[in-house]
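The exercises below are meant to be worked through with the sequence and the coordinates side by side. Try each task before reading its solution.

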Amino acid sequence: MAAVVAAAGLVQPSAGAASASAANGPRAAAPDARALTYPLDCKGAPQAVTDTAQGDLDGDGSPETVAAVRCDAGSGTPPHAIYVITQDTAGPNGAARPRVVATLLDTARRQTATDLTVRDGIVTARLLGYSSPEVPRYSPDIKQLAKWRWSDGKFRQELTDSAARRV
């Protein structure tokens, strides 16, 4: 019995950490990217969330979710849209509900997003695209690193071109 009590004392947080955690309250959960329908016209095909990342993008202390979404066409590589989702706290019946608050990448740009991350309030994704309609859809020849940062009430984008290479 003494060994169990001693082991339990080793795995519990210190009193200072426990009181700091209680003072700050429980950390809000990031919104579930699969719990909503996106403003993406798939012409009857289902939507597919292919990647997500979470983090506090606007500095309010609550995490947002960034989702790469495309139509699930069954073949080919449909372009992605990238959305920022926040948790509404005043939904119907007082329940928190996720909602789209920004579109970082629109499908009209005809790009595929990979390696989606959120780090230090910056959203990063690799964007793959095509320089012309003649480029085969299985071999994108444009590769960019895109970064979005919340600044002055909106997301600002920075693009860096990378050397074209086979994907």
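A residue counts as buried when its relative accessible area is under 20%, as exposed when that area is over 50%, and as partly exposed in between. The model used here is predicted.

**Exercise 1. Classify the aromatic pair formed by Tyr38 and Tyr83, and state which parts of the chain the pair ties together.**

Solution. Begin with burial: Tyr83 has a relative accessibility of 3% and therefore counts as buried, and Tyr38, with a relative accessible area of 4%, is buried as well. Next, take the ring geometry, in which the centres are 5.1 Å apart and the planes stand at 25°. Because planes under 30 degrees apart count as stacked, the pair is stacked. Finally, locate the partners: Tyr38 lies in the loop between α2 (15–24) and β1 (47–55), whereas Tyr83 belongs to strand β3, so the pair ties together parts that are 45 residues apart in sequence.

**Exercise 2. The structure holds two aromatic pairs; classify the one made by Trp150 and Phe155, and decide for each partner whether it is buried or partly exposed.**

Solution. The ring centres of Trp150 and Phe155 are 4.9 Å apart and their planes stand at 70°. Since planes over 60 degrees apart count as edge-to-face, this pair is edge-to-face. As for accessibility, Phe155 has a value of 19% and so counts as buried, while Trp150, at 34%, counts as partly exposed.

**Exercise 3. Describe the largest nonpolar core and identify the strands that each supply at least two of its residues.**

Solution. The largest nonpolar core has 18 residues, and those with the most contacts inside it are Val66, Ile82, Leu104, Leu116, Val123 and Trp148. At least two residues of this core come from each of β2 (64–71), β3 (81–88), β4 (97–105), β5 (112–119), β6 (122–129) and β7 (142–151). Apart from this core lies another, of twelve residues, which include Leu36, Leu40, Cys71 and Tyr83. Turning to Trp148, and leaving aside residues up to four places away in sequence, one finds Ile82, Leu104, Val123 and Phe155 among the residues that Trp148 touches.

**Exercise 4. Explain why β6 is largely enclosed, and trace how β6 pairs with β5 and β7.**

Solution. Seven of the eight residues of β6 are buried, so the strand is largely enclosed by the rest of the structure. On one side, β5 and β6 pair in the antiparallel sense over six bridges, with Arg119 opposite Ile122 of β6. These two strands form a hairpin with two residues between them, and Asp120 in the turn has a positive phi of about 55°. Eight bridges join β6 to β7, again in antiparallel fashion, and here Leu127 stands opposite Gln144 of β7.

Conventions: Residues are numbered from 1 along each chain as its sequence is written. This is a predicted model: local features need pLDDT of at least 70, side-chain atom pairs count only at pLDDT 80 or more; totals for chains, interfaces and linings use all residues. Side-chain values use heavy atoms; hydrogens and water are left out. A nonpolar core is a set of buried Ala, Val, Leu, Ile, Met, Phe, Trp, Tyr and Cys residues joined through side-chain atoms within 4.5 Å. Buried means under 20% relative accessible area, exposed over 50%, partly exposed in between (1.4 Å probe, protein chains only). Helices (H or I, at least four residues) and strands (E, at least two) are DSSP runs, numbered from the N terminus. Contact means heavy atoms within 4.5 Å. Rings of Phe, Tyr and Trp (its six-membered ring) pair if their centres lie within 6.5 Å; planes under 30 degrees apart count as stacked, over 60 as edge-to-face and the rest as tilted. Two strands pair if DSSP finds at least two bridges between them.
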